[in-house]
Amino acid sequence: MSLNKIPLAGVIGSPIAHSKSPQLHKHWLKTYEMQGFYIPMDIPSADLREVLLTLPKMGFVGVNITIPHKEAVLEIADLITDRATLIGAANTLIFRKDGKIHADNTDGYGFLENLKTGAPQWVPQAGPAVVLGAGGAARAVVASLLDAGVPEILISNRTRVRADKLAADFGQRLKVVDWVQAGNVLEEAVLTVNTTSLGMIGKPELRVPLDGLRKGTVVTDLVYAPLQTNFLREAAAQGCVTVDGLGMLLHQAVPAFERWFGQRPVVDSATRAAALR
Ligand code: NAP
């Protein structure tokens, strides 16, 4: 990038109006007194390739990718990190100076950093994790938990074949549990994660019975709208340590901001407030 060129970044999805990423990156640009812009872009699937090939020519240094394009960008990128390949989706693109598009997935990093901050007492090796859901986000969560050294992951999803596929892709530390049985394995968990979209504003509630959760179990939800889901509220009432999903969103943005703008940002209470504004 030439010295007088202001770096541009953004987020591509459809719809995109709900995204909190623009407020977040704008906050960091202002905090670190940096030049740059971060723009939300509502792009239909049919235009994705053309847009991604054009943005670098306009001064973009990279973009975040969200629903429904996280899988499709892997077909367009020139270089894909091992973890994005394993997860089967990317959320961060870097437009390199040599013209190549580099795809990465930082969701798992964001998930783990959020847990480390929100539940520092959680020791990955201490026991099994229960993961509810087997969609794209679940794949990132499972990859990060395996990396962190979790000995066993019990995974349960409404559509069983999706969980079976995930277990086949990620190996022997995964065990699939029928969706109707999910409540029965919660007592084994030292960590329980909701990666489904259930409990989100406008979606049905998560109906898995939670009375099996043991006191002190760490419980986290990927849903962050609302911030306090019924799942987290019920778990807290049973003496569990709860961590909301907003921190994952904030932490997954850290490596991207650093790569694009050259400064590693800090996630603190001001960052949370900016994202909630
Ligand atoms: P996805 O690939 O569409 O997966 C959705 C998951 O929810 C699947 O497991 C799906 O089960 C399950 N589900 C949906 N409706 C259901 C219902 N009525 N009953 C039972 N299960 C149901 O979506 P995703 O990308 O994994 O995202 C999942 C959630 O994580 C979303 O709420 C998203 O906003 C959130 N998320 C948060 C962050 C963060 O930074 N906090 C990051 C990524 C994602 P089936 O397979 O049976 O359909």
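Trainee: Which residues are the closest to the ligand, and how many surround it?

Mentor: In this predicted model, 21 residues surround the ligand, and the closest are A137, N157, R158, T159 and R162.

Trainee: What makes the approach of N157 to the ligand a polar contact?

Mentor: An N or O atom in the N157 side chain sits 2.7 Å from an oxygen atom of the ligand. The cut-off for a pair of N or O atoms is 3.5 Å, so this pair counts.

Trainee: How do you know that R158 and L249 qualify too?

Mentor: Use that cut-off again. R158 has a polar side-chain atom 2.9 Å from a ligand oxygen, while L249 uses a polar backbone atom, at 3.2 Å. Both values fall within 3.5 Å, so both are polar contacts. As for cover, the ligand taken alone exposes 910 Å², and the protein buries 80% of that.

Trainee: On to the domains. Where do they run?

Mentor: The domain assignment gives 8-105 as domain 1 and 108-247 as domain 2. Their centres, taken over C-alpha atoms, are 27 Å apart.

Trainee: Why say that the two domains are in contact?

Mentor: Contact needs heavy atoms within 4.5 Å, and four residues of domain 1 meet that with nine of domain 2, so the term applies. Together the domains bury about 540 Å², 65% of it on carbon and sulfur atoms. On the domain 1 side, K20, L86 and I87 lose the most area, together 78% of what that side buries.

Trainee: How many salt bridges and polar contacts cross that interface?

Mentor: The rule finds zero salt bridges, but two residue pairs are in polar contact.

Methods:
Residues numbered from 1 in each chain as written. Predicted model: local features only at pLDDT ≥ 70, side-chain atom pairs only at ≥ 80, totals over all residues. Heavy atoms only, no water. Domains from an automatic or database assignment. Buried area = accessible area lost by both parts, 1.4 Å probe. Salt bridge = Lys/Arg side-chain N within 4 Å of Asp/Glu carboxyl O. Polar contact = N/O pair within 3.5 Å; in protein donor to acceptor, adjacent residues only side chain to side chain. Near = heavy atom within 4 Å. Areas by Shrake-Rupley, 256 points an atom, 1.4 Å probe, with all protein chains shown as cover.
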